[in-house]
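Trainee: I have a new structure to read and I am unsure where to begin. Could you take me through it?

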Amino acid sequence: MFRAYVFTEMPYPYLPPAALMPNNRISVPNSYYDPDAGYELYKKYFDIYHAADELGLDLMVNEHHTTATCTNAVTALSMAILARETKRARILTLGNPLVHRPDPVRVAEEMATVDVISRGRTDVGFVRGVPQECIAVNSSAVDMRERFWEAVDLIMKAFTTHDGPFNWEGTYYHHRAVNLWPRPYQQPHPPIWSPTTGAASAPMLADRDITVATMAVGARGCAEVFKAYRARCEELGRPEPPLSKFAYSVQLFVGDTDEQAFSEAEKVKLWYREAGRHPIQYSDPPGYLPPEVRAKVLKAKARGSIPSLPLGPPPAPTVAEVVNTPVRDLTAGGFMMAGNPDTVFEQMRDFFDAVGGLGNLLPMMQYSTMPLDLVVGSMERLARDVLPRFIAEVYEPTVRGEREMRVPAA
Amino acid sequence: MAQRHVAVGDVTLDTVELGAGPPLLFLHGEDGLMHCRPLLDDLASSYRVIAPHHPAWGESTRPAHIGETRDLGLVYAELVESLEAPPLVLGCSFGGWVAAELGVLTRAPLAAIVLAAPTGVKIGGREDRDFADIWIAAFDDLPGILYGDPARSPVLVDRPDEDYLYLAKAQEATARYCWKPYMHDPTLAPWLRRIAAPTLVVAGSEDRFALLEGYYGRYATLIGERGAELRTIEGAGHRVEEDAPAELAAIVREFDSERAAAAVGASSGDQ
């Protein structure tokens, strides 16, 4: 079935403006964080998730550290709250930043616990983490990929071993008696997800049957990632992966009219402005990028001009361009989705066709100071006026083989 | 100058060799050999300078078991055992840390050790920062941290692309060995007393990388049975080898002569 996992990064939006405070992470004193305001914010954010559950939507959480852009620093905690406060929604973390966590078994324990409390509603995402996290968590960016995959292997073995303790003496992790109590509710284990923004990493996810999520790369970028995943499955002689294995995260607002939606979606789009609001070195720890790529960054730094990165393959806008591009224009390439219910339906349909189909949308529904009623209104229109029609007219007929996808003109 | 690939066990060291005379093993700092040429040329007038890239820098290989700075000390311990005579070892910054590890670990004698602004030892308390954080500092602030006169730091604009690739690899290698604990091994300090070779610590008077007052002097007191001497080069910053190559080369020669004279004196005293 098609799922929309809505999310908010739980921002703390009350910093002084960028002109006065150019930075919003790592070094901002937490005296700028007002716990009373924080209490109200958490209340709002969990109310959004509660409303989403009642509307039939699913839920996603993500974490960042030492930053005002995201005060959800520990997704296991918010998942645990949601596991009790919601009744039916699936709860996805995207995800656990494995290389920044010293002990993967502890991650397995947290996820298994949430899975049991939620009675099997948990989707477990594993992420490498953004580069800024290397400083925030003091985790070296060198050999991240190797640490990541050893952590995944250890967690998967922990999820699926039921005959007593096993030993693990790997390159990075050491355990003498891994034996999960509780074990996961879902058998053999909760669905595993992982994000990537590049096609090069997609085959590694396909190898392990991990749900691939990509974010804000546009329809063309997303199509490349999904194509690489499907090609790898074919190469392995596996059947065509179900659409549930594919997910796209996008900023989304559904309004009563296009004009209202485009206007409100500008508030979600502020994420781009805030995401880049920090000194370049916070997002450039040595080892995060391959040396061949980082050499270009060093060259740019030496010249005193850091080029803004494009969101996806050409003609994708750069992050800097997105900040000043009207939402309406960004919806054209699938970089955002916004409009009245009919408009958003058409955007979802065209995106679905352009990427060869997908089974999950991960819409960022809230950012900046967007209040509860505004977000709930957008979610209501998504849940009542967009998704049922999309599922009936696009998703299900395609899955049943009764509908041809319209491949967009090159 | 010759560029050679030197095998040490299963490590291949991409090594620059120049000059003739008694061997001098040069152990580079964070940026590899990129900015060291004036110093190496100067030293080459008196020594056969052997300047390997550490595993993960330049074209040197890094087998999986080489992961800690101590492993580099072991690689060089094996290398010096293969040399025709005990070398003088000069290490700068991170290379100084490697040289200290080598001095602790070696089974073969070393003629002498010169540590120029070495890292590797934690002297301050847990909330003190012994060294400036080069990974959180702004790019434009690094020259002021690393050089006595930031205006004389190497110009990095308009270099060939291979230089940026060299630096990118060097910086990743530095992060590999130095990320956590930051620029030191908590277990090294108590072993420094094992260093048997005559050892000198050199520091620049304008070193703004070491934040702890008297860091290099306190480092020197830990070395050998009686502690090592500290000499200061006026005006030089942390990158002594780049800021004051001639002065550093002169100090190396002077210390080498002094220790040679002392060795002769000691051996004639024995007779």
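Mentor: We will go from whole chains to helices, then to single residues.

Mentor: This is a predicted model, in which local features need pLDDT of at least 70, side-chain atom pairs count only at pLDDT 80 or more, and totals for chains, interfaces and linings use all residues. Residues are numbered from 1 along each chain as its sequence is written, while chains are lettered from A and ligands numbered from 1 in the order in which they are written.

Trainee: How many helices and strands does chain A have?

Mentor: Start with the term. Helices (H or I, at least four residues) and strands (E, at least two) are DSSP runs, numbered from the N terminus. Chain A has 13 helices and 11 strands.

Trainee: What does the radius of gyration tell me about chain A?

Mentor: The radius is taken over C-alpha atoms, and the globule rule is 2.2 Å times the number of residues to the power 0.38. For the 410 residues of chain A the rule gives 22 Å, and the chain has 21 Å, so it is as compact as a globular protein of that length. Its C-alpha trace spans about 60 × 55 × 45 Å along the principal axes.

Trainee: And what is the radius of gyration of chain B?

Mentor: Chain B has 17 Å, which agrees with the value near 18 Å for a compact globule of 271 residues. Chain B contains eight helices and eight strands. Its C-alpha trace spans about 60 × 40 × 35 Å along the principal axes.

Trainee: What share of each chain is buried?

Mentor: Count neighbours. A residue is buried if 20 or more other C-beta atoms lie within 10 Å of its own, exposed if 12 or fewer, and partly exposed in between; C-beta atoms are placed from the backbone. In chain A, 47% of the 410 residues count as buried. In chain B, buried residues make up 49% of the 271.

Trainee: How many residues of chain B are in contact with chain A?

Mentor: Two residues are in contact if their C-beta atoms, placed from the backbone, lie within 7 Å. By that test, 20 residues of chain B touch 19 residues of chain A. The chain B side has 13 nonpolar, two polar and five charged residues. Here Ala, Val, Leu, Ile, Met, Phe, Trp, Tyr, Cys and Pro count as nonpolar, Asp, Glu, Lys and Arg as charged, and the others, Gly among them, as polar.

Trainee: How do I check helix H5 of chain A against a straight span?

Mentor: The expected span is 1.5 Å times one less than the number of residues. H5(A), residues 144-160, has 17 residues and should span 24 Å; its end C-alpha atoms are 24 Å apart, which agrees.

Trainee: Which residues of H5(A) are buried?

Mentor: Among them are Met144(A), Phe148(A), Leu154(A) and Phe159(A). Seen down the axis, the buried residues of H5(A) fall within an arc of 135°, so they line one face of the helix. That arc is the one covered by the directions from the helix axis to the C-beta atoms. The buried residues pack against helix H3 (104-117), strand E5 (166-169) and strand E6 (174-178) of chain A.

Trainee: How far apart are the ends of H13(A)?

Mentor: H13(A), residues 372-399, has 28 residues, but its end C-alpha atoms are only 35 Å apart, short of the 40 Å of a straight helix. Now look at the bend, the angle between axes fitted to the seven residues ending at a residue and the seven starting there. H13(A) has a kink of about 45°, centred on Ile391(A). Its buried residues pack against several elements of chain A, including strand E1 (3-8) and helix H1 (35-54).

Trainee: Which backbone angles deserve a second look?

Mentor: Most residues other than glycine have a negative phi, and most peptide bonds are trans. Met10(A) has a positive phi, near 55°. It sits in the loop between E1 and H1 of chain A. Met10(A) is buried, with 24 other C-beta atoms within 10 Å. In chain B, Met183(B) has a positive phi, near 60°. Met183(B) is buried too, with 26 other C-beta atoms within 10 Å.

Trainee: Where are the cis peptide bonds you would show me?

Mentor: One runs from Trp181(A) to Pro182(A), with omega near 0°. Another runs from Pro314(A) to Pro315(A), with omega near 5°. Pro315(A) lies in the loop between helix H9 (291-302) and helix H10 (319-324) of chain A.
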